[in-house]
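Welcome to a short set of exercises. Please have the sequence and the coordinates open side by side, and try each task before reading its solution.

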Amino acid sequence: MGRPGEGYDWPSSNHGITVDYKGNVWIGGNGRGAQPAALAHDESKMGAAGSVHDSMVLKFTQEGKF
């Protein structure tokens, strides 16, 4: 995991996965990752999260299209 896909990066650590009523598959990142990004301007809002990379939600069709 954590590898780039076609048009997206896969999260290094998944938070959850769900399927909606239309059959779309939603995958959420945990907010941590191997490739840290810059922290928010006000780091106090980040708490103890540390470096953040995979704060994301990905949506796919049933066929796997991003």
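**Exercise 1. The hairpin**

In the hairpin of S3 and S4, which residue takes a positive phi, and how many residues lie between the strands?

*Solution.* Start with the connection: 5 residues sit between the two strands of this hairpin. Then check the backbone angles, where Gly 23 shows a positive phi near 90°. Keep in mind throughout that this is a predicted model.

**Exercise 2. How far to trust the model**

Find where confidence is lowest and where it is highest in the protein chain.

*Solution.* Begin with the average: the protein chain has a mean pLDDT of 74, and 61% of the residues score at least 70. Next, go element by element. Strand S1 (residues 4-5) has the lowest confidence, with a mean of 64, while S5 has the highest, at 93. A word of caution belongs here: predicted coordinates should not be read in detail where pLDDT is low.

**Exercise 3. Elements and sheet**

List the secondary structure elements, then work out the strand order of the open sheet.

*Solution.* First, count: the protein chain contains 5 strands and 0 helices, so written from the N terminus the elements read β-β-β-β-β. Second, assemble the sheet. It is open, has 3 strands in the order S3-S4-S5, and its pairing is antiparallel. Strand S3 (14-19) and S5 are the edge strands, each pairing on one side only. On average, neighbouring strands of this sheet are turned by 15° against each other, direction ignored.

**Exercise 4. Reading the register**

For each pairing in the sheet, give the number of bridges and name some partners.

*Solution.* Take S3 and S4 to begin with: 5 bridges join these antiparallel strands. Asn 14 has Gly 29 of S4 as its bridge partner, and Ile 17 stands opposite Ile 27, also in S4. Now move to strand S4 (residues 25-29) and S5, which pair antiparallel over 4 bridges. Here Val 25 is matched with Phe 60 of S5, and Trp 26 with Lys 59 of S5.

**Exercise 5. Two faces of one strand**

Which residues of strand S5 (residues 57-60) are on the covered face, and which on the uncovered one?

*Solution.* Recall the general pattern: side chains of a regular strand alternate between the two faces of the sheet. Applied to S5, Leu 58 and Phe 60 make up the covered face, whereas Val 57 and Lys 59 make up the uncovered one. Phe 60 has a relative accessible area of 7%, under the 20% cut-off, and therefore counts as buried.

**Exercise 6. The aromatic pair**

Describe the geometry of the aromatic pair and the exposure of its two rings' residues.

*Solution.* The structure holds 1 aromatic pair. Phe 60 and Phe 66 form this pair, with 5.7 Å centre to centre and 55° between the planes, a tilted arrangement. Then compare exposure: Phe 60 is buried at 7%, while Phe 66 is partly exposed at 45% relative accessibility.

**Exercise 7. Whole-chain figures**

What share of the residues is buried, and what share of the contacts is long in sequence?

*Solution.* Of the 66 residues, 18% count as buried. Among contacts with a separation of 6 or more, 37% involve residues 24 or more positions apart. To finish, the accessible surface comes to about 4900 Å², with 53% belonging to carbon and sulfur atoms.

Notes
Residues numbered from 1 in each chain as written. Predicted model: local features only at pLDDT ≥ 70, side-chain atom pairs only at ≥ 80, totals over all residues. Heavy atoms only, no water. Buried < 20%, exposed > 50% of the residue type's maximum accessible area, 1.4 Å probe, protein only. Pairing = 2+ DSSP bridges. Axes fitted to C-alpha atoms, helices over the stretch in contact; angles between N-to-C directions. Phe/Tyr/Trp six-rings, centres within 6.5 Å; stacked < 30°, edge-to-face > 60°. Contact = heavy atoms within 4.5 Å. Areas by Shrake-Rupley, 256 points an atom, 1.4 Å probe, with all protein chains shown as cover. pLDDT = per-residue confidence, 0-100.
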